[in-house]
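Notebook open, viewer open. I'm jotting down what I look up as I go, one topic per entry.

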Amino acid sequence: MRIWEYIKDKAGILIGYLLFIAIMLIAFRAMRTPGELTVIFLVLTVLLLVTVILTDYIKRRHFYNSLYAHMEQLDQKYLVMDTLEEPGFYEGKLVYEALYEINKSMTEHVKEYRQSVDDFKDFIEIWVHEIKLPIASLVLMCHNNQDKIPKKYEDQVNRLDAYADQVLYYVRAEHASKDYRFDPVRIKSVVNKVALKNKDMLLESDICLDVHDVDVSVTTDAKWLEFMINQIMSNSIKYMKPDENRQIRIWTTKAGDDITLHIRDNGIGISEADLPRVCEKSFTGENGRRFAKSTGMGLYIVKGLCDQLGHHLTITSKENIGTDVAVTFGGNDYYLVDA
């Protein structure tokens with residue numbers, strides 16, 4: 001709050017006060033008041049005016065400057081009321097009370113909104129659990145009747161199962177930290193599980209899976225790592241080129257204490273323009289327009305999980321050459337806690 005802006009705002013009061021002084025001086029002159037008394041009156045009146053103006057300005061300046069300073073420092077600006085003291089002037093109290101009521105109303109509204117979102121997520125999680133039971137039954141029926149049921153039906157059931165898993169993991173992702181269990185995990189074991197889960201798609205698509213140098217341990221959550229690798233491998237299978245040399249390579253490298261898991265394919269790749277945005281929510285890009293089955297959620301969830309787990313996700317790609325997705329695991333045991 002600047003002094004000149006304050007004076008401009010109080011211009012009407014100041015002009016009225018100066019008119020009062022002018023009238024009093026004219027009256028003193030008409031009554032032939034001694035000059036000494038006139039000077040004393042003028043000095044005292046001006047001092048009183050300056051004192052009142054400065055006192056009021058300082059109180060207001062402290063409150064408004066504090067309000068704006070705290071707002072600039074806060075990422076969540078609605079919390080500014082928790083940092084302010086109630087001002088000592090009437091106008092400031094009105095502003096403070098108005099802000100308090102606005103903040104209270106907003107907090108109640110956000111609470112109701114969050115509750116509705118949590119209720120919806122709970123419903124979706126229960127629904128996915130329920131829907132996975134008949135899906136599992138369908139998978140078993142397809143497996144037991146392979147000579148009667150066409151392979152394409154089994155593929156569609158497997159896709160339903162994968163999408164149900166994706167929904168379940170997405171709903172849980174925001175609060176996944178409550179479910180994390182950090183242990184030494186053998187990457188080879190997790191990769192084998194994912195390969196077994198995708199074996200039919202790999203065979204049907206005639207994709208060669210080359211796995212080497214993965215017999216290493218990293219500190220992570222095995223369940224969520226399996227989900228991430230499965231999402232990355234599913235993308236690689238989905239975006240393969242229609243040629244005879246389809247390949248997915250999986251290996252690890254070590255640099256200092258860091259271990260990096262690479263999953264590289266020789267598929268259609270990602271355009272240079274789309275690459276920076278592939279981890280954005282629901283972003284499908286050019287490939288999404290070419291392949292209607294793209295949802296744009298897989299890598300978004302993987303990136304969020306990597307951030308929460310303390311891993312680093314790197315994606316490099318060239319069109320018509322392939323894509324390399326790398327997950328780097330720190331070499332420390334920060335998350336290991338003795339039971």
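**Entry 1: a pair across two strands.** I started at R264, which stands opposite D324 in strand 7. Before going further, a reminder to myself that this is a predicted model. Next I looked up how strand 5 and strand 7 run: they are antiparallel, joined by 7 bridges. I also checked how covered strand 5 is, and 6 of its 8 residues are buried, so I'm calling strand 5 mostly covered.

**Entry 2: the other side of strand 5.** Strand 4 also runs antiparallel to strand 5, with 8 bridges between the two. One of the bridge partners I looked up is I259 in strand 5, which goes with K254. Strand 4 and strand 5 make a hairpin, and 2 residues sit between them. In that turn I found G256 with a positive phi of about 65°.

**Entry 3: the whole sheet.** In what order do the strands of the open sheet come? I read off 2-4-5-7-6, which is 5 strands with mixed pairing. The edges are strand 2 (208-211) and strand 6, each of which pairs on one side only. From one strand to the next the twist averages 15°. For the parallel part of the pairing I looked at strand 2 and strand 4, which pair in the parallel sense over 4 bridges. V211 has I250 of strand 4 as its bridge partner. A general point for the margin: side chains in a regular strand alternate between the two faces of the sheet.

**Entry 4: what lies on the sheet.** I followed helix 8 and found that it lies across strand 2, strand 4, strand 5 and strand 7. Relative to strand 5, helix 8 runs at about 30°.

**Entry 5: the core.** Which residues have the most contacts inside the largest nonpolar core? My lookup gave I229, I248 and I250, in a core of 39 residues. Two or more residues each come from helix 6 (187-197), helix 8 (222-238), strand 4 (247-255), strand 5 (258-265), helix 10 (298-309), strand 6 (312-318) and strand 7 (322-329). Helix 8 gives the largest share of this core, 8 residues. In general, nonpolar side chains tend to be buried together in soluble globular proteins.

I250 turned up in the strand pairing as well, so I pulled its contact list, leaving out neighbours within four places in sequence. I250 is in contact with V191, L209, D210, V211, H212, V214, M233, L261, H262 and I263.

**Entry 6: two helices packed together.** Moving to lower residue numbers, I checked helix 2 (residues 11-30) against helix 3 (residues 35-73). They pack at an angle of about 170°, with axes 11 Å apart. Anything over 145 degrees counts as roughly antiparallel, and therefore helix 2 and helix 3 get that label. Who meets whom? L14, Y17, I21, M24, L25 and F28 of helix 2 meet T38, F41, L42, T45, L48, L49 and I53 of helix 3. Sorting the residues of this contact gave 11 nonpolar, 2 polar and no charged.

**Entry 7: buried spots in loops.** Is Y180 buried or exposed? It sits in the loop between helix 5 (151-173) and strand 1 (183-186). At 15% relative accessibility Y180 counts as buried, because the cut-off is under 20%. Beyond four places in sequence, Y180 is in contact with D221, W224, L305, Q308 and L309. I also took the C-alpha distance from Y180 to K223: 8.7 Å in space, with 43 residues of separation in sequence.

D274 is another loop residue I looked up, placed between strand 5 and helix 9 (285-290). D274 comes out at 13% relative accessibility, so it counts as buried. Past its neighbours within four places in sequence, D274 is in contact with F283, G285 and E286.

**Entry 8: positive phi outside glycine.** D213 has phi near 55°, positive in a residue other than glycine. Its place is in the loop between strand 2 and strand 3 (217-220). D213 has a relative accessible area of 54% and is therefore exposed.

N320 has phi near 65°, again positive in a residue other than glycine. I located N320 in the loop between strand 6 and strand 7. N320 has 54% relative accessibility, so it counts as exposed.

Conventions:
Residues numbered from 1 in each chain as written. Predicted model: local features only at pLDDT ≥ 70, side-chain atom pairs only at ≥ 80, totals over all residues. Heavy atoms only, no water. Core = buried A, V, L, I, M, F, W, Y, C linked by side-chain atoms within 4.5 Å. Buried < 20%, exposed > 50% of the residue type's maximum accessible area, 1.4 Å probe, protein only. Contact = heavy atoms within 4.5 Å. Axes fitted to C-alpha atoms, helices over the stretch in contact; angles between N-to-C directions. Parallel < 35°, antiparallel > 145°, perpendicular 65-115°, else oblique. Nonpolar A, V, L, I, M, F, W, Y, C, P; charged D, E, K, R; others polar. Pairing = 2+ DSSP bridges.
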